[in-house]
Amino acid sequence: MKILKRVGKEEVAYVYLGETSRGNLVEFVESIQPPIPREKKWVLIVSTLAGCPVGCLMCDAGGFYKGKLSADEIFEQIDFLVKSRYPNGRIPSEKFKIQFARMGEPALNEAVLDVLKELPVRYEAPGLMPSISTVAPHGTDSFFEELLKIKEKHYRGKFQLQFSIHSTDEKERDRIIPVKKWSLDKISEFGKRFVKENDRKITLNFAVAQEYSLDPEVIIEVFDPEKFLVKITPVNPTYRSKENNLNSDVDVERKGLLKHQNFIEELKNAGFEVILSIGELEENKIGSNCGQYVQRHLMSEKKIVDGYQYV
């Protein structure tokens, strides 16, 4: 791994722009969650594709696609970060989270499964918890069936699976996530098989814009609160969200939603665990938050002013 650029600060997060051994440009992140120290929680976010063919409305990492990264290229990102902090490969963090979510839809790359199989023996990391965030593209059933087997063998109770939902209206979901993908019903059916005793609930993620449709009755009717939880996140300041006139519905000051607060309340009343995840606002300036992509900022002539200031 050849490091071309590093952006950020030690107390929050670093974004690395690197070139892999096969010449692919990738971005990957390490972060902590102040005031929680690295020994308690350390998060790595790695790329799985060279670009992304999906092109979600709020994500700067889409718009080009040059192919799948190999398992070795994914490990080059993880190895660099691990060896920078823990050269002996022993990671003492109580929660060592590796998210396959920086650039690329992970379910489109079978090499992600190979990485998941090797992780438990590659490092001495009792706190290891992999995390896959996916839109569940059409045609990836075999990926998820194999993922279920890997979770059962290696990560029972220590695996986080997240589906990007964003809207409860299927036609609107198609506009936000412009690829053919699993329906909400299919996600629900898979979740019933995936979540077993002691497993973590599957996360239904909503990056909520004021313009989106959120009907709590749809979630209540389709999903089991014993198997799924709901996570609400802001629409982060990205070039794509600006181009598509998306306004985040998350009120950072009062820790609630501006237009869709009833969505949260009704889900809670129906027995769902609902997490409002705002995170460190400093990460918007660093460019390490979900949907942000430093290379897009570097290539843009007209810079946005509420993100990427560290770059």
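## Ring pairs around Tyr-16

Let's start with a fact to build on: in this predicted model, both Tyr-16 and Phe-28 are buried.

**Exercise 1.** Work out which kind of pair the rings of Tyr-16 and Phe-28 make, and which parts they tie together.

*Solution.*
- Step 1: grab the numbers. The ring centres are 5.4 Å apart and the planes sit at 15°.
- Step 2: check the cut-offs. Rings pair if their centres lie within 6.5 Å, and planes under 30 degrees apart count as stacked. So Tyr-16 and Phe-28 are a stacked pair.
- Step 3: place the residues. Tyr-16 belongs to strand S2 (residues 13-19) and Phe-28 to strand S3 (residues 25-31), so the pair ties together parts 12 residues apart in sequence.

**Exercise 2.** Now do the same for Tyr-16 and Phe-80.

*Solution.*
- Step 1: here the centres are 5.3 Å apart, with the planes at 70°.
- Step 2: planes over 60 degrees apart count as edge-to-face, so that's what this pair is.
- Step 3: Phe-80 lies in helix H1 (residues 71-85) and Tyr-16 in strand S2, so parts 64 residues apart in sequence get tied together.

**Exercise 3.** Decide whether Tyr-16 and Phe-80 are buried, partly exposed or exposed.

*Solution.*
- Step 1: buried means under 20% relative accessible area, and exposed means over 50%.
- Step 2: Tyr-16 has 6%, so it counts as buried.
- Step 3: Phe-80 has 25%, so it is partly exposed.

**Exercise 4.** Find which arginine lies over the face of Tyr-14, and which over Phe-75.

*Solution.*
- Step 1: over Tyr-14 you'll find Arg-6, 3.9 Å from the ring centre.
- Step 2: over Phe-75 it's Arg-122, at 3.9 Å from the ring centre.

Note on methods
Residues numbered from 1 in each chain as written. Predicted model: local features only at pLDDT ≥ 70, side-chain atom pairs only at ≥ 80, totals over all residues. Heavy atoms only, no water. Phe/Tyr/Trp six-rings, centres within 6.5 Å; stacked < 30°, edge-to-face > 60°. Helix = DSSP H or I, 4+ residues; strand = E, 2+ residues; numbered from the N terminus. Buried < 20%, exposed > 50% of the residue type's maximum accessible area, 1.4 Å probe, protein only. Lys NZ or Arg CZ within 6 Å of the ring centre and 35° of its normal.
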